[in-house]
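Me: I'm new to looking at protein structures, and I'd like a close look at just one part of this one. Could you walk me through the place where the two chains meet?

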Amino acid sequence: MQYKSIKKEEWDKTVEQLLLSYSIFACVENEYGLDYEFIRPADVKKISYNKPKPSTPLKSFFLPVKENVTSEKVEKMPRIIMGIPNCDIEGLCLLDDIYLDKEFNDVFYRKRRENTLLIASDCFGIQEHCHCSSYNIKPFSENHADLAVINLNGTIVLRILSLKGEDFIKTIPAILSPGDNDSISAIAKEHLATETLLTKSNNGLPDYKITGELITTAKEDIWEKYSASCVSCGACTTICPTCTCFLLIDKPGFEKIKQMDACQYPGFERVAGGEDVLFELRNRFRNRYMCKYVWKPEKFNSIACTGCGRCIDACIGKINKNELFMELVK
Amino acid sequence: MQDNRNIYTPIRARLTNVIEESPLIKTFVLVPEDKFSFKTGQFIELSVDGIGEAPFTPSSSPLITEKLEVTVMKTGYVTDYMHMLKPGVFMGIRGPYGRGYPVETFFGKEVLILGGGCGLAPIRSLLFTLESIKDKLVKVILCYGSKTPADCIYKPLFDRLNSTEKFEAYRTVDKADEDWDGSVGVATTLLNKIKINIKNSVAVVCGPPVMMKFGTIRLLEMGYRDDQIWLSMEKNMSCGLGKCGHCMMGEFFVCRDGPVFTYNEIKHNPEIWK
């Protein structure tokens, strides 16, 4: 894997220059925590590197909550999203499977994907509910993004992950030095430290090899118990990097509005005669687990949970899916 | 080269005629403005401008491409509006979507079709197709049940089929009236009357969920294998493109992987009859 490095001050100047030709979103720490923000020249120094993890999932950049999918859109400036944790990068792969499918590809999603450079960020440290490694996802990107950025004590190291990333590097006016062995081994050390933290923090949590079976064979009472404090608000699906369900709404002139939807909302599967497979709260609740750990893995050969833990953070009913799994594995 | 077609944009189709089939069921005759064709069993998303869109399987012959017919039961928000439409307006069509009936696998076989209520709509399209290839089939038997004689749709179809070589059509009603002199009972009771070589046959079931369930159970009792039974599954597909998630049935998107499945393909999912 190819590395390039640049002094932090030089990098900041480079980002400022890039703002002339790109819209840049990057992670910034604010009073509510860490999240993506639209970067203006004055914000460049505030960009946070290698800290897990922005509150908003990456999907929000590609699947707006609501959009008109029958009217042409004007091409905007190319976009850079910087500081993406690997859980979100891996989540995007499932979105690509769905939206870039050969027979029916969603031109709105595809144009946004083509127009965006993905700069991942290696996670140094973990958040309370991070558990990517339990689902075979590393806390740093080795593929699927274009570049990965690491801030090593005043030096920015870039790991090149795609041809698009490589081409982008060539357009940067600043002089980049090749990554030296010391930096590379320092990064490896950080990776190991983060992975050790993840292992320790998720000791005993069932991993991706058995989550599907645990969910399939789970008894009815577990769904009753864990859905007891669910209020069907859909926070878990909104915040989930891989939940992509939507509804098409008609507007005059045969226009269609595509609006994000979720199986956790009552009526999601209601059919015209009034029948509703997911009428019962516990069935809706179970549906999400079946989708993530059983059906999507069968259909797309990839687990639909990336272990980001945002659904646990977001739940106002304090439902912790990891506790559910721990109970199932007992 | 990338496909820049917008998958969400419908094509416009002029509504040229509305046929009343029963008090709750109407057939809409549509002439699409662009080239449009479908295979029997595939479905379309049909929209009322500015109101909404719903999935339907066309009931006309796939061999006729200049117009198409969609039979709609008045049963919800969008279909209530559809029933108010008069000829001359434009409707929107997206599709066709999904996997229809694999009629070429029916060659050399006897085809048993079990239908109920508005489920006769997709079956009529299948019957038109089977009529066009009847030389390649041994025979076709239709067993159809409706709630009352008034609810029975496409009445002339039955006489026509019964006078067509290799075709037999039977009707029953759950509840008879004074003028009814045919069978009384649910659709599956008709299966006791027919003669069919099960080993060399396929069964097609389409109707309300309860009929699909008990129809399948009865066919299995008769000796049909799981992979000889074709079911047309009903879900509220929103996009029809395998994306929106509304029609997920286990690991299947009914809109892409179906709507026609063999019982064998989906029997492991306990939720199919719900």
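Reply: Happy to! Let's start with the polar side of things: in this predicted model, 18 residue pairs are in polar contact across the interface of chain A and chain B, counting pairs with both residues at pLDDT 80 or more. Which elements of chain A give two or more residues to the side that touches chain B? They are helix H2 (86-99), helix H3 (107-114), strand E10 (246-251), strand E11 (255-260) and helix H9 (281-300) of chain A. Of these, H9(A) provides the largest share, with seven residues. Sorted by kind, the residues on this side of chain A are 19 nonpolar, 18 charged and five polar.

Charged groups also pair up between the chains: the count between chain A and chain B is six salt bridges. To find a salt bridge on your screen, look for the side chains of A:Lys256 and B:Glu53, which meet at 2.9 Å, N to O.

Now for the interface as a whole. On one side, 42 residues of chain A are in contact with 44 residues of chain B. The area buried between the two chains is about 3700 Å², and carbon and sulfur atoms give 55% of that. In chain A, the residues that lose the most area to chain B are A:Phe104, A:Phe254 and A:Trp295, together 21% of what that side buries.

Finally, a word on confidence. Chain A has a mean pLDDT of 94, and 99% of its residues reach 70 or more. Among the elements of chain A, strand E6 (residues 116-121) has the highest mean pLDDT, 98, and strand E9 (residues 177-178) the lowest, 84.

How values were computed: Residues numbered from 1 in each chain as written. Chains lettered and ligands numbered in written order. Heavy atoms only, no water. Contact = heavy atoms within 4.5 Å. Buried area = accessible area lost by both parts, 1.4 Å probe. Salt bridge = Lys/Arg side-chain N within 4 Å of Asp/Glu carboxyl O. Polar contact = N/O pair within 3.5 Å; in protein donor to acceptor, adjacent residues only side chain to side chain. Helix = DSSP H or I, 4+ residues; strand = E, 2+ residues; numbered from the N terminus. Nonpolar A, V, L, I, M, F, W, Y, C, P; charged D, E, K, R; others polar. pLDDT = per-residue confidence, 0-100.
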